Amino acid sequence: HLGPIMQRLLARCRDRRSEDATREVRQRLACKPLVGRSAAIARMLEQLASVAPLDVTVLLMGASGTGKSLAARVIHDNSPRRTARFVEVNCAALPEALVESELWSVARSAFDGHATH
């Protein structure tokens, strides 16, 4: 009795595995560390591909554990700076007084409080 049900379930699983909305973007983007084949992942990969060649600052936001550092790595690996070092900074661990200097090399003058680069 369970044979036909199992066959349908296995066929459904095979169909889902064969659907890969990310196939096209993965062919032109180095993104091995990212897994997933859904349309949502494909949209995210398209966004990463669009910003990677640009000389711009990118802010990645999301809950803890959502893969922001993996997305940053994909951007770096597909950018003109891919031969340079990739430096990851945990902003949550930075004291508020050091955020500006760490992220933008801004130091406040001890004498007048003005920012210098």
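## A salt bridge within helix H4

Arg-73 is partly exposed, because its relative accessible area is 33%. In this predicted model, the side chain of Arg-73 meets that of Asp-77 in a salt bridge, with 4.0 Å from N to O. Asp-77 is partly exposed too, with a relative accessible area of 31%.

How far apart are Asp-77 and Arg-73 in helix H4? They are four residues apart, so about one helical turn separates them. An α-helix has 3.6 residues a turn, so residues three or four places apart point the same way. Side chains of opposite charge can then pair when their charged atoms come close.

## Two salt bridges that reach further

The count of salt bridges comes to three. Another of them joins Arg-28 and Glu-46, whose closest N and O atoms are 2.6 Å apart. This pair links distant parts of the chain, since Arg-28 sits in helix H2 and Glu-46 in helix H3, 18 residues apart. Arg-28 has a relative accessible area of 48% and is partly exposed. Glu-46, at 34%, is partly exposed as well.

Asp-55 and Arg-81 also form a salt bridge, and here the closest N and O atoms are 2.4 Å apart. Asp-55 belongs to the loop between H3 and H4, while Arg-81 belongs to the loop between H4 and helix H5 (99–104), so the pair ties together parts that are 26 residues apart in sequence. Are these two residues buried or exposed? Both Asp-55 and Arg-81 are exposed.

## Helix H3 and its two sides

Now let's look at helix H3, which runs over residues 39–51. At 1.5 Å a residue, its 13 residues should span 18 Å, and the end C-alpha atoms are 19 Å apart, which agrees.

Which residues of H3 are buried? They are Ala-42, Leu-45, Leu-48 and Ala-49. These residues cover an arc of only 120° around the axis, so they lie on the same side of H3. Turn to the other side of H3 and you will find Arg-43 and Gln-47, which are exposed. The cover over the buried residues of H3 includes helix H2 (23–28) and helix H4 (68–77).

## Helix H4 and the loop before it

Helix H4 has buried residues as well: Ala-71, Val-74, Ile-75 and His-76. H3 is included in what covers them. You can read this beside the cover of H3, which includes H4.

The loop between H3 and H4 is worth a look too. Leu-60 lies in this loop and counts as partly exposed, because its relative accessibility is 31%. What does Leu-60 touch, leaving aside its neighbours within four places in sequence? It is in contact with Lys-68, Ala-71, Ala-72 and Ile-75. For Leu-60 and Ala-72, twelve residues apart in sequence, the C-alpha to C-alpha distance is 7.6 Å.

Leu-54 has its place in the loop between H3 and H4. With a relative accessibility of 47%, Leu-54 counts as partly exposed. Its C-alpha atom is separated by 9.7 Å from that of Ile-75, although the two residues are 21 apart along the chain.

## A nonpolar patch on the surface

Some nonpolar side chains are found at the surface. Leu-2, Ile-5, Met-6 and Leu-9 make a nonpolar surface patch of about 380 Å². One of these residues, Met-6, lies in helix H1, which covers residues 2–18. Met-6 counts as partly exposed because its relative accessibility is 43%.

## The chain as a whole

Step back, and you can count five helices and two strands in the chain. In what pattern do they follow one another along the sequence? The pattern is α-α-α-α-α-β-β.

The chain has 117 residues, and 15% of them count as buried. About 9,500 Å² of the chain is exposed, and carbon and sulfur atoms supply 56% of that area. Finally, take the contacts between residues at least 6 apart in sequence: 23% of them join residues at least 24 apart.

Terms used. Residues numbered from 1 in each chain as written. Predicted model: local features only at pLDDT ≥ 70, side-chain atom pairs only at ≥ 80, totals over all residues. Heavy atoms only, no water. Patch = residues over 30% accessible without salt bridge, like charges linked within 9 Å, V, L, I, M, F, W, Y side chains within 5 Å. Areas by Shrake-Rupley, 256 points an atom, 1.4 Å probe, with all protein chains shown as cover. Buried < 20%, exposed > 50% of the residue type's maximum accessible area, 1.4 Å probe, protein only. Expected span 1.5 Å × (residues − 1). Arc of directions from axis to C-beta. Contact = heavy atoms within 4.5 Å.
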